Amino acid sequence: MREIHVSKITDLVSCMVQASGTQLPSDVYQALKVCCKNEVSPVACNILGALIENADIARNEKIPICQDCGMAFVFMEIGQDVHFIGGNLEAAINEGVARGYTEGFLRKSVVAEPLFDRINTKDNTPAFIYIRIVEGDKVKIRIATKGFGAENQSVVKMLVPADGIEGVKRVVLEAVQSAGPDACPPLLVGVGIGGSLEYAALCAKKAAIRSVDSRHPDERYAALEDELLNLVNRTGVGPQGLGGRTTAIKVNIETAPTHIGAMPVAVNFNCHAVRHAEIEL
């Protein structure tokens with residue numbers, strides 16, 4: 001049995017929050033550069049150039065990429081042979097989030113109660129925490145600090161199997177067109193297929209923070225990712241909704257088993273600032 005003190009988790013989460021808030025991942029940064037070279041619209045080229053310059057300034061000056069510093073989503077894969085000591089794991093994660101947002105001078109945007117009082121918690125906690133138990137004695141932490149301009153445009157549709165591939169395409173394209181400029185394109189589009197109402201949404205969220213360079217391991221879904229990217233970029237929404245061929249830099253799909261009578265489909269957007277960090281210990 002491997003022991004890990006929860007203070008180590010707090011320290012790592014704090015560093016990851018600060019890094020994700022100020023440093024655009026290299027795969028996203030390079031994808032923006034490629035899109036800029038391939039874009040035919042002068043306005044879109046200008047916008048993509050500005051986004052790249054903004055990312056450079058944020059990284060060099062260690063300041064937020066965007067004024068919406070988001071809400072923290074923490075995904076952990078914990079080996080079953082790991083034993084955490086020194087305190088409560090969830091409390092340690094939230095302490096790391098609080099420290100990261102405070103020490104990193106990142107805007108705090110979380111309210112404790114959603115409808116009546118909406119009072120800011122002042123440290124951007126609590127985070128959304130998802131834990132999966134796996135074999136071994138390793139711990140993998142993945143953090144996304146996700147802005148809600150894009151999050152607000154998310155969609156879940158409960159399709160039936162007869163809707164098929166065309167139904168999935170329709171849901172994705174309608175979501176992109178409905179979002180327009182509000183999701184702050186160019187986007188990374190996460191699509192969840194299968195599961196249940198809430199699990200399809202979780203699959204879409206995981207897909208939305210997957211690497212731009214990744215592909216679904218099933219070649220049929222990988223081909224659908226490519227086809228959807230082409231269809232999304234043919235909508236003409238373009239960078240910041242001002243036209244062009246770069247509405248999205250990638251479409252990623254995650255799937256899950258589902259009921260014989262159902263085919264849930266969820267769409268979750270990340271704006272051009274696809275802020276995330278990952279570490280294994």
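V189 has F269 as its bridge partner in strand β9. This pairing comes from a predicted model. It is a good place to enter the sheet.

**The sheet**

Strand β7 covers residues 187-195, and strand β9 covers residues 263-270. The two run antiparallel and share six bridges. I193 also faces a residue of β9, namely V265. On β8 the picture changes. β7 and β8 pair in the parallel sense, over nine bridges. Here G195 stands opposite T258.

Strands of a sheet pair through backbone hydrogen bonds, either parallel or antiparallel. This sheet has mixed pairing. It is open and holds four strands, in the order β6-β9-β7-β8. β6 (155-159) and β8 (248-258) are the edge strands. Each has a single partner, so one side of each is left without a neighbour in the sheet. Neighbouring strands are turned by 15° against each other on average, direction ignored.

How many of the nine residues of β7 are buried? Nine of the nine are, so β7 is largely enclosed by the rest of the structure.

**Helices across the strands**

Two helices lie across parts of this sheet. The table gives their angles.

| Helix | Residues | Lies across | Angle |
|---|---|---|---|
| α7 | 197-208 | β6, β7, β8 and β9 | about 145° to β7 |
| α8 | 219-233 | β7 and β8 | about 135° to β8 |

**The nonpolar cores**

The largest nonpolar core has 45 residues. V172, V189, V191 and F269 touch the most other members. V189 and F269 are thus named twice here: they are also the bridge partners that opened this report. Helices α2 (26-38), α3 (42-61), α6 (164-179) and α8 each supply at least two residues of the core, as do strands β7, β8 and β9. Helix α6 gives the most, with seven residues.

F269 has a long contact list. Leaving out residues up to four places away in sequence, F269 touches K146, A150, E151, Q153, S154, A175, V176, A179, A183, L187, L188 and V189. Another core lies apart from the largest one. That second core has 26 residues, including V13, A72, F84 and L89.

**A polar residue in β9**

N268 lies in strand β9. Is N268 buried or exposed? Its relative accessible area is 4%. The cut-off for buried is under 20%, so N268 counts as buried. Which side chain makes a polar contact with the side chain of N268? K146 does, at 3.3 Å. Beyond four places in sequence, N268 touches K146, E151, S154, L188, V189, G190, A204, K205 and A208. K146 is in the contact list of N268, and K146 is in that of F269.

**A histidine in another strand**

H276 lies in strand β10, residues 276-280. H276 has 14% relative accessibility and counts as buried. Not counting residues up to four places away in sequence, H276 touches S20, P25, R142, I143, A144 and I209.

**In brief**

Strand β7 pairs antiparallel with β9 and parallel with β8. Helix α7 lies across β6, β7, β8 and β9. V189 and F269 are among the core residues that touch the most other members. N268, also of β9, is buried and has a polar contact with K146.

Notes
Residues are numbered from 1 along each chain as its sequence is written. This is a predicted model: local features need pLDDT of at least 70, side-chain atom pairs count only at pLDDT 80 or more; totals for chains, interfaces and linings use all residues. Side-chain values use heavy atoms; hydrogens and water are left out. Buried means under 20% relative accessible area, exposed over 50%, partly exposed in between (1.4 Å probe, protein chains only). Contact means heavy atoms within 4.5 Å. Two strands pair if DSSP finds at least two bridges between them. Axes are lines fitted to C-alpha atoms, for helices over the stretch in contact, and angles run from 0 to 180 degrees between N-to-C directions. A nonpolar core is a set of buried Ala, Val, Leu, Ile, Met, Phe, Trp, Tyr and Cys residues joined through side-chain atoms within 4.5 Å. A polar contact is a pair of N or O atoms within 3.5 Å; within protein, one must be able to donate a hydrogen and the other to accept it, and residues adjacent in sequence count only if both atoms are side-chain atoms.
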